[in-house]
Amino acid sequence: MASILVLNGPNLNLLGTRQPEVYGSVTLAMVEDACADHAKKLGLDVTCLQSNHEGALIDAIHDAKGRHDGIILNAGAYTHTSIALMDALISVEIPSVEVHLSNIHAREPFRHTSYISKAALGQICGFGAQGYLLALDALATHLREAGAA
Ligand code: CA2
């Protein structure tokens, strides 16, 4: 069974507790449960991880090599700053989908740039927590077409 790593970056542990008008009212635990349910329906295995630390996110991406067949990444604000995360994703060569709860292109100009996009198959943003499920659908199709699932 193909395995997907769902990786969330800084401050996303606060989901559902503040700024519901921007990020919705579901908690990270609810997002992770929904990912597990949806992955099961798609015949995928899922592992979820969140860290507020750039180095820990990089380590998780490195550790994914040989363990996971796909990565779903919401890198939070590191999206807009981290060449190191982009390099890590490129180096492991694992198909990845970038997710954002909010529509980063409709927000402040500094959120319009994504280093993650340069390493990802594609980006899903603006659909709230549903974005993670759409990303699972996209990875399931990609892996099936690539003969990896
Ligand atoms: O829209 C997204 O998913 C973001 O990745 C969220 C990041 C933001 O810096 C990106 O530009 C877009 C911020 C995550 C902060 O999450 C919070 C959730 C609830 C309360 C406070 C922060």
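The following questions and answers concern Glu98, helix H3 and the ligand in a predicted model.

Student: What makes Glu98 a residue without a salt bridge?

Tutor: A salt bridge needs a side-chain nitrogen of Lys or Arg within 4 Å of a carboxyl oxygen of Asp or Glu. For Glu98, the nearest side chain of opposite charge is Lys118, 9.2 Å away. Glu98 therefore has no salt bridge, and it is buried.

Student: Which side chain makes a polar contact with the side chain of Glu98, and how do you know that the term applies?

Tutor: That of Ser114, at 2.7 Å. The cut-off for a polar contact is 3.5 Å between N or O atoms, and 2.7 Å meets it. Glu98 itself lies in strand S4, residues 96–100. Beyond four places in sequence, its contacts include Leu73, Ile116, Ala120 and Ile124.

Student: Why are the buried residues of H3 said to line one face of the helix?

Tutor: The buried residues of H3 (residues 54–64) are Leu57, Ile58, Ala60, Ile61 and Ala64. Viewed along the axis of H3, they fall within an arc of 160°, so they line one face. Their cover includes strands S1 (3–8), S2 (45–50) and S3 (70–74), along with helix H4 (83–92).

Student: How do you know that the side chain of His80 has a polar contact with the ligand?

Tutor: An N or O atom in the side chain of His80 is 2.7 Å from an oxygen atom of the ligand, and the limit is 3.5 Å. The side chain of Arg111 passes the test at 2.8 Å. For Ala77, a polar backbone atom is 3.4 Å from a ligand oxygen, which is also within the limit.

Terms used:
Residues are numbered from 1 along each chain as its sequence is written. This is a predicted model: local features need pLDDT of at least 70, side-chain atom pairs count only at pLDDT 80 or more; totals for chains, interfaces and linings use all residues. Side-chain values use heavy atoms; hydrogens and water are left out. Helices (H or I, at least four residues) and strands (E, at least two) are DSSP runs, numbered from the N terminus. Buried means under 20% relative accessible area, exposed over 50%, partly exposed in between (1.4 Å probe, protein chains only). Lys and Arg count as positive and Asp and Glu as negative; His and the chain ends are not counted. A polar contact is a pair of N or O atoms within 3.5 Å; within protein, one must be able to donate a hydrogen and the other to accept it, and residues adjacent in sequence count only if both atoms are side-chain atoms. Contact means heavy atoms within 4.5 Å. The arc is that of the directions from the helix axis to the C-beta atoms.
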